[in-house]
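Here is a short, friendly walk through a protein model. Please have a look at the sequence and the fold before reading on.

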Amino acid sequence: MTGQTTKTTYKAALYCRLSRDDGNVQESSSIQTQKEILSRYARENGINDTTFYVEM
């Protein structure tokens with residue numbers, strides 16, 4: 001196996017939680033902001049296979 005490299009694939013579950021301060025808004029700006037922050041972090045760290053879980 002000389003000269004061969006193995007690429008590591010990372011998967012991540014990204015969890016967002018609705019704040020009580022947001023009330024009953026379905027897709028609040030808080031959730032959207034959390035998704036953007038988590039997506040950017042994952043992308044910047046080479047994690048391309050992600051799944052979001054959202055608690056409201």
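What follows covers a helix, a salt bridge, a charge over a ring and some accessibility values.

This is a predicted model, in which local features need pLDDT of at least 70 and side-chain atom pairs count only at pLDDT 80 or more, while totals for chains, interfaces and linings use all residues. Residues are numbered from 1 along each chain as its sequence is written, and side-chain values use heavy atoms, with hydrogens and water left out.

Let's begin with helix α1, which spans residues 29-44; helices here are DSSP runs of H or I with at least four residues, strands are runs of E with at least two, and both are numbered from the N terminus. Its 16 residues reach 22 Å from the first C-alpha to the last, close to the 22 Å expected at 1.5 Å a residue (1.5 Å times one less than the number of residues). Just after α1, G46 takes a positive phi of about 75°. T33 lies in α1, and its C-alpha is 9.5 Å from that of C16, 17 residues away in sequence.

Next, the salt bridge: a side-chain nitrogen of Lys or Arg within 4 Å of a carboxyl oxygen of Asp or Glu. The count comes to one, and it joins R17 and E55 at 3.9 Å, N to O. R17 lies in strand β1 and E55 in strand β2, so the pair ties together parts that are 38 residues apart in sequence.

K35 lies over the face of F52, 5.7 Å from the ring centre (NZ of Lys or CZ of Arg within 6 Å of the centre and within 35 degrees of the ring normal).

Three residues are partly exposed, between buried (under 20% relative accessible area) and exposed (over 50%), using a 1.4 Å probe and protein chains only.

| Residue | Relative accessible area |
|---|---|
| R17 | 42% |
| E55 | 37% |
| T33 | 38% |
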